[in-house]
Amino acid sequence: MSALRFLKKTTVSSTVSTVSLTDVFESDFNVHQILFREFTLDSGTATPYLKLIGLNGTVISNTDYQQAGTITRDDTTFTERRSTGSSNGILSQYSVDDATEEALNGYLYVYNARQSAYTFVSGNFTVRINGILQGIKTIGVLKNPGQVTGIEFSLSSNSFDSGEIEIYGMSEL
């Protein structure tokens with residue numbers, strides 16, 4: 001059994017290309033939960049990037065990210081995706097677009113963020129692309145032993161128009 005402790009929240013209410021949350025992963029917790037709510041784009045279609053921020057405050061953009069996942073669509077079967085040696089972070093195999101009611105919603109768990117070990121991520125998202133509902137299950141790892149303190153959420157192109165991120169620490173009871 002575990003308990004959640006609220007750590008930080010940020011709201012996107014105007015057009016921005018990047019959302020950064022620094023100093024959010026606390027050493028009191030081995031697991032953090034990140035909630036993404038109603039993220040929409042200002043125009044077009046884009047790929048979301050989630051990168052981690054190191055202890056020194058620098059975004060980790062090297063090729064030490066690996067990820068895998070599945071996309072389950074409401075009009076067909078599922079698709080598997082994976083990559084190694086990515087500098088785009090986690091989530092970079094999926095798309096979002098700007099159509100009405102096509103927001104990105106979901107959550108990620110981040111493991112070992114404040115330990116000198118690999119940082120692991122797992123999560124689930126829903127998004128509607130061109131009217132097609134998609135469920136996304138993703139896992140990833142930053143194979144760069146070291147402590148991370150935050151996240152940078154950005155897009156391959158265009159900007160976020162709205163959205164909300166909440167971060168919680170999870171402790172065992």
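## The three-stranded sheet

In this predicted model, three strands form an open sheet whose order is 2-12-5, and the pairing within it is antiparallel. Strand 2 and strand 5, the latter covering residues 48–54, are the edge strands, since each of them pairs on one side only. Neighbouring strands of this sheet are turned against each other by 15° on average, when direction is ignored.

## Strand 2 beside strand 12

The contact between strand 2 and strand 12, which spans residues 148–155, is made through four bridges, and the two strands run antiparallel. Within this pair, Thr18 has Ser154 of strand 12 standing opposite.

## The loop after strand 2

Strand 2 covers residues 18–21 and strand 3 covers residues 31–41, and the loop between these two strands contains Asp23. The backbone angle phi of Asp23 is near 55°, which is a positive value in a residue other than glycine.

Is Asp23 buried or exposed? With a relative accessible area of 62%, Asp23 counts as exposed, because that term applies to values over 50%.

## A second positive phi value

Another loop, between strand 9 (104–111) and strand 10 (119–129), holds Asn112. For Asn112 phi is near 65°, again a positive value in a residue other than glycine. Asp23, for its part, belongs to the loop between strand 2 and strand 3, while Asn112 belongs to the loop between strand 9 and strand 10.

Key:
Residues are numbered from 1 along each chain as its sequence is written. This is a predicted model: local features need pLDDT of at least 70, side-chain atom pairs count only at pLDDT 80 or more; totals for chains, interfaces and linings use all residues. Side-chain values use heavy atoms; hydrogens and water are left out. Buried means under 20% relative accessible area, exposed over 50%, partly exposed in between (1.4 Å probe, protein chains only). Two strands pair if DSSP finds at least two bridges between them. Axes are lines fitted to C-alpha atoms, for helices over the stretch in contact, and angles run from 0 to 180 degrees between N-to-C directions.
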